[in-house]
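Q: Could you take me on a close look at one part of this structure, the place where the ligand sits, and the helix beside it in your account? I would like one connected picture that I can follow on my screen.

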Amino acid sequence: MFSNSSPSLRWLVTGAAGFIGGHLVAELRASGCQVMAVDRRPSPGVERLDLADPADLPRLAELCRRADAVVHLAGRPGVRERGPQARAARRRDNVLATARLLEVVPKAVPVVVASSSSVYGSCVGPSREGDPLRPLGDYGRSKLEAEMLCVACREAGWAVTVVRPFTVVGERQRPDMALARWIEAARTGRPIRVFGSLERRRDLTDVRDVVLGIRRVIETGFVGTVNLGSGRPIRLGEMVETVMEVVGSRPPVVVEPGSAVEADLTWADTSLCEAELGFVPSLDLPSVVRRQAEACRPVAVSS
Ligand code: NAD
């Protein structure tokens, strides 16, 4: 089994211009690893490449051949977008892009693919990796389709590991995500919009632990499917309260109808992560909200 913690590993990271990808690439480069970073979006230090574009396939294959480890984070996240265009974009960027990557990656190279806690759907207790998967919406279904491609590859002998991150939080979080929206609202005095109910609960994962989890998969040689979550769901009401305390402002809170594609509760069972990757993600909500708020660009003030 592949096992390596050497800083001289050469990593290929897709989705490198994104939230999680940006953190992973920065951390790997800071620890002396060589990183080939690719994304469709332009970003400094990142090669432009569209995984779903057949014209880019030869270059992708070349990068895969040169890599000691591949981390596939490119994708179209976000559960709320609806309609045929959103569906087509998810098929392209979540399913087709994963298929293309798996087509060209050599058998000897370990691959980590980001799926999502959304594949579980509703739960009443901690979700374990072997549980039945019943995604509630199209995003979760697209991630499940991508997982099935990974499983097929694994059964054919490739070292493909699926990680299922639970709502990832931290600096430079995507602006469409709840904490980022709420911090921005609190800073600008606009209402904090909450979907569904303040009683909904989310298992949150510090982006630093997602990076650690991905690194541990490669270092330990683990091959399989593993949750990356803290195992401690937090009420949306507590998250809102923490944002207000950290930012120091109390705008109105507006609860809007929730969408059927969002679970009332997400909750990671962390035992496999602990047993195989040697740690359990931990979450200090006030400090992660503080980090996230401090990293936000100051709001432009018009005179
Ligand atoms: P992000 O949108 O910030 O980053 C994704 C990146 O992938 C973007 O920079 C985008 O340009 C790139 N991309 C999309 N399609 C591409 C293509 N065809 N070719 C090349 N690049 C492409 O998202 P993120 O929050 O960093 O999430 C990264 C991955 O983790 C995604 O697969 C997402 O579904 C998964 N995930 C994220 C979370 C979370 O809470 N952020 C939770 C669970 C799973």
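A: Happy to; here is a walk through the ligand site, then one helix that helps to line it, and then two buried side stops. Please keep in mind that this is a predicted model.

Let's begin with the ligand itself. Its surroundings are made up of 28 residues, and the closest are Asp 39, Arg 41, Tyr 139, Val 168 and Arg 174. Sorted by class, that shell holds 14 nonpolar, 6 polar and 8 charged residues.

Three backbone contacts are worth finding on your screen. One nitrogen atom of the ligand lies 3.1 Å from a polar backbone atom of Arg 40. A ligand nitrogen is also 3.0 Å from a polar backbone atom of Leu 51. On the oxygen side, a ligand oxygen atom is 3.3 Å from a polar backbone atom of Leu 73. On its own the ligand would expose 820 Å², and the protein buries 95% of that.

Which helices supply at least two residues each to the shell? They include α1, α3 (84-104) and α4 (138-155).

Now for α1 in detail. This helix runs over residues 19-30, so to speak a stretch of 12 residues, and spans 17 Å from its first C-alpha to its last, close to the 16 Å expected. Several of its residues are buried, namely Phe 19, Ile 20, Gly 21, His 23, Leu 24, Val 25 and Leu 28. An α-helix has 3.6 residues a turn, so residues three or four places apart point the same way. In α1, Ile 20, Leu 24 and Leu 28 are among the buried residues. Their cover includes the strands β1 (10-14), β2 (34-39), β4 (69-72) and β7 (168-169), together with helix α6 (207-220). After α1 comes Gly 32, with a positive phi near 90°.

The first side stop is Arg 164, in strand β6 (residues 160-165). Is this arginine buried or exposed? Arg 164 counts as buried because its relative accessible area is 2%, under the 20% cut-off. A polar atom of its side chain lies 3.3 Å from the backbone oxygen of Glu 129. Farther along in sequence or back, Arg 164 also touches residues including Ser 115, Tyr 120, Glu 147 and Asn 227.

The other stop is Thr 242, in helix α7 (residues 236-247). Thr 242 is buried because its relative accessibility is 8%. Leaving aside residues up to four places away in sequence, Thr 242 touches Leu 285, Pro 286 and Val 289.

Terms used: Residues are numbered from 1 along each chain as its sequence is written. This is a predicted model: local features need pLDDT of at least 70, side-chain atom pairs count only at pLDDT 80 or more; totals for chains, interfaces and linings use all residues. Side-chain values use heavy atoms; hydrogens and water are left out. Helices (H or I, at least four residues) and strands (E, at least two) are DSSP runs, numbered from the N terminus. The expected span of a helix is 1.5 Å times one less than its number of residues. Buried means under 20% relative accessible area, exposed over 50%, partly exposed in between (1.4 Å probe, protein chains only). Contact means heavy atoms within 4.5 Å. A residue is near a molecule or strand if one of its heavy atoms lies within 4 Å of it. A polar contact is a pair of N or O atoms within 3.5 Å; within protein, one must be able to donate a hydrogen and the other to accept it, and residues adjacent in sequence count only if both atoms are side-chain atoms. Accessible areas come from the Shrake-Rupley method with a 1.4 Å probe; for residues, only the protein chains shown count as cover. Ala, Val, Leu, Ile, Met, Phe, Trp, Tyr, Cys and Pro count as nonpolar, Asp, Glu, Lys and Arg as charged, and the others, Gly among them, as polar.
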